[in-house]
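Trainee: I'm new to this one. Could you pull it up and walk me through it?

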Amino acid sequence: MKKGNWLVLSLTLLFGILIGASSTTIYYEGIIKDLASLSRHVPQAEELLVRLDNYCDLDDEQEKIIIAILRKHKKQLDAIRQNHEEAMASIRQSFEKSLEPYLTPDQKKKVRAILTPPKPAAVPAKNSMD
């Protein structure tokens with residue numbers, strides 16, 4: 001082959017690799033953001049009562065009824081929340097472990113930071129649900 005053909009072929013190959021690598025990076029950044037968004041905070045019973053009271057301006061009788069309803073369903077909600085948290089942790093660990101061989105140590109730290117779910121904000125309980 002002539003020198004010019006090798007140059008064109010090399011440049012074409014280089015551009016293909018760059019485009020492929022950029023596309024892959026963008027794709028995986030989207031997956032990481034999607035996984036991180038799945039771990040959004042689910043409100044606890046106490047937080048739900050505070051929100052309902054703030055948004056709906058509940059009177060004392062409504063509040064007592066809602067507390068009774070929340071107590072009735074609290075065990076089920078807690079079990080679902082626990083299962084959800086365990087499942088999400090398992091998925092995050094599996095995903096992170098799958099990525100590790102392909103990432104630099106700095107990238108691993110960044111991925112870990114993205115995948116670590118935020119700690120829920122403490123909301124003062126108006127009334128105890130237990």
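Trainee: Among contacts in the protein chain between residues at least 6 apart in sequence, what share joins residues at least 24 apart?
Mentor: Keep in mind that this is a predicted model. Start with contacts whose two residues sit at least 6 apart in sequence, then pick out those that join residues at least 24 apart. That share is 70%.

Trainee: Okay, and which pattern does the protein chain follow along the sequence?
Mentor: The protein chain has zero strands, and its helices number four. Reading along the sequence then gives α-α-α-α.

Trainee: How much of the protein chain counts as buried?
Mentor: Buried here means under 20% relative accessible area. The protein chain has 130 residues, and the part of them that counts as buried is 18%.

Trainee: What about the accessible surface: what percentage belongs to carbon and sulfur atoms?
Mentor: The protein chain's accessible surface comes to about 10,300 Å². Carbon and sulfur atoms hold 62%.

Trainee: Now the helices. Is H3 roughly parallel or roughly antiparallel to H4?
Mentor: Helix H3 covers residues 60-99 and helix H4 covers residues 105-115, and their axes lie 11 Å apart. They pack at an angle of about 165 degrees. Angles over 145 count as roughly antiparallel, so H3 to H4 is roughly antiparallel.

Trainee: Is the crossing of H3 and H4 left-handed or right-handed, and what kinds of residues make the contact?
Mentor: H3 passes H4 in a right-handed crossing. On the H3 side you'll find Arg92, Phe95, Glu96 and Leu99, which meet Val111, Arg112 and Leu115 in H4. Sorted by kind, the residues of this contact are four nonpolar, no polar and three charged.

Key
Residues numbered from 1 in each chain as written. Predicted model: local features only at pLDDT ≥ 70, side-chain atom pairs only at ≥ 80, totals over all residues. Heavy atoms only, no water. Helix = DSSP H or I, 4+ residues; strand = E, 2+ residues; numbered from the N terminus. Buried < 20%, exposed > 50% of the residue type's maximum accessible area, 1.4 Å probe, protein only. Contact = heavy atoms within 4.5 Å. Areas by Shrake-Rupley, 256 points an atom, 1.4 Å probe, with all protein chains shown as cover. Axes fitted to C-alpha atoms, helices over the stretch in contact; angles between N-to-C directions. Parallel < 35°, antiparallel > 145°, perpendicular 65-115°, else oblique. Left-handed = near helix turned anticlockwise from the far one by under 90°. Nonpolar A, V, L, I, M, F, W, Y, C, P; charged D, E, K, R; others polar.
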